[in-house]
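Biologist: Got a minute to walk me through this one? I'd like to start with a loop and then zoom out.

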Amino acid sequence: MKYLRLPDNETHILPFYLSMEEYAAHVYGDDSLFFMWQVEPTVIFGRNQVIQNEVNLDYCDEHGIQYYRRKSGGGCVYADMGNIMMSYITRSDNVMTTFSQYTAAVVRMLKALGLNASDNSRNDIMIDGLKVSGNAFYHMPGYSIVHGTMLYDTHMEHMAHAISPSATKLESKGVKSVSSRITTLSQHLTMGIGEFKEHVVGSMCDGEIVLTSADVERIEQIMQGYLAPEFIMGNNPRCNATRRAYIDNVGEIEVKFSLAHNVINDMNITGDYFLLGDIDHLVINRLNGTPFTRAALENALRDTALEEIILNLDKQTFINLLIS
């Protein structure tokens, strides 16, 4: 695996690094790639999340914390210069295998420092049972991309207040606050953040690729899509029906839709679930225009393997949620 290095030490805004992942896959994707990055205080939320539900916008605006949407699923995270972000890009269409391989490599890297590291059944890497890293993934044609956090010594007050997960999600995890279930590497290691980053590169990479200024310009062009207000704010159609639940091993799901003459219209599915396939074409488009009956819903999704689109979500659980 090659370490992808920028031509200078400039700190960019968060969407730059997401764009760098996409660009690297297209241009340098013959090698498996890895890079680390840090940003000024920023909240990053998942592709399918409703920003108003997940981000404390007033707090972020008051404290100069930026917020952006990413293209991977999963939940909302806070990042700053004490929080190392990691990106992994590889040529693969099996994103779940890629994800497992990546988290296993990170666990090995942490164990080499004598830490009691493990991964859980969803997307977290733990030290002594407390979360130190959250990860997400998405698929591009021919490539899988995994990215995540590594908490070294982050601003805990900002983390606790900038993110506003629902009470349902917190109750499902058995915690009363964002900060009560996490730890930071600075509590377990004596090495500084720079020395830790050197250990990561030495443990996980066997060479490097240095980008050029021309590469940076092309990455900045891709970045404009992430900065579009309609991408950041998301699609929140006017609906008269809402279904919401936290489903074990799936995550939080909220389905909004309009019912006119008992027919579904304008459906949107949000949440912190992990997306594996084309939810718009294979789920939402098939349900829009469908009569709101169990039989009609089952018929509309009869050829859809839902667990291959939303990780671990079976069809009957989803239909039960809609009908509830």
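Modeller: Sure. Keep in mind that this is a predicted model. Histidine 261 sits in the loop that links strand E13 (251-260) to strand E14 (263-271).

Biologist: What's the phi of histidine 261 like?

Modeller: Histidine 261 has a positive phi, about 55 degrees, even though it isn't a glycine.

Biologist: And is histidine 261 buried or exposed?

Modeller: Histidine 261 counts as exposed, because its relative accessibility is 81% and the cut-off for exposed is over 50%.

Biologist: Where does asparagine 262 sit?

Modeller: Asparagine 262 is also in the loop between E13 and E14. Its phi is positive too, at about 60 degrees, and asparagine 262 is not a glycine either.

Biologist: How exposed is asparagine 262?

Modeller: Partly exposed: the relative accessible area of asparagine 262 is 41%.

Biologist: OK, zooming out. How many helices and strands does the chain have?

Modeller: The chain has 12 helices and 14 strands. Its radius of gyration is 20 Å, close to the 20 Å from the globule rule for 324 residues, so the chain is as compact as a globular protein of that length.

Biologist: What does the C-alpha trace span along its principal axes?

Modeller: About 60 × 45 × 35 Å.

Biologist: What share of the residues count as buried?

Modeller: 53% of the 324 residues in the chain.

Biologist: And what about contacts between residues at least 24 apart?

Modeller: If you take the contacts between residues at least 6 apart in sequence, 69% of them join residues at least 24 apart.

Biologist: Changing topic to the surface. How much area does the chain expose?

Modeller: About 14100 Å², and carbon and sulfur atoms supply 46% of that.

Biologist: What about the charges, how many positive and negative?

Modeller: There are 25 positive and 39 negative charges, and the mean positions of the two sets lie 7 Å apart.

Biologist: Last topic, cysteines. How many disulfides does a search of the whole structure find?

Modeller: Zero. Take cysteine 60: the nearest cysteine sulfur belongs to cysteine 76 and is 8.0 Å away, and cysteine 60 is in no disulfide.

Biologist: Is cysteine 60 buried or exposed?

Modeller: Buried, because the relative accessibility of cysteine 60 is 0%.

Biologist: And cysteine 205, buried or exposed?

Modeller: Cysteine 205 is buried as well, with a relative accessible area of 15%. That falls within the buried class because the cut-off is under 20%.

Conventions. Residues numbered from 1 in each chain as written. Predicted model: local features only at pLDDT ≥ 70, side-chain atom pairs only at ≥ 80, totals over all residues. Heavy atoms only, no water. Helix = DSSP H or I, 4+ residues; strand = E, 2+ residues; numbered from the N terminus. Buried < 20%, exposed > 50% of the residue type's maximum accessible area, 1.4 Å probe, protein only. Rg over C-alpha atoms; globule rule 2.2 N^0.38 Å. Contact = heavy atoms within 4.5 Å. Areas by Shrake-Rupley, 256 points an atom, 1.4 Å probe, with all protein chains shown as cover. Lys, Arg positive; Asp, Glu negative; His and termini not counted. Charge placed at Lys NZ, Arg CZ, Asp CG, Glu CD. Disulfide = S-S within 2.5 Å.
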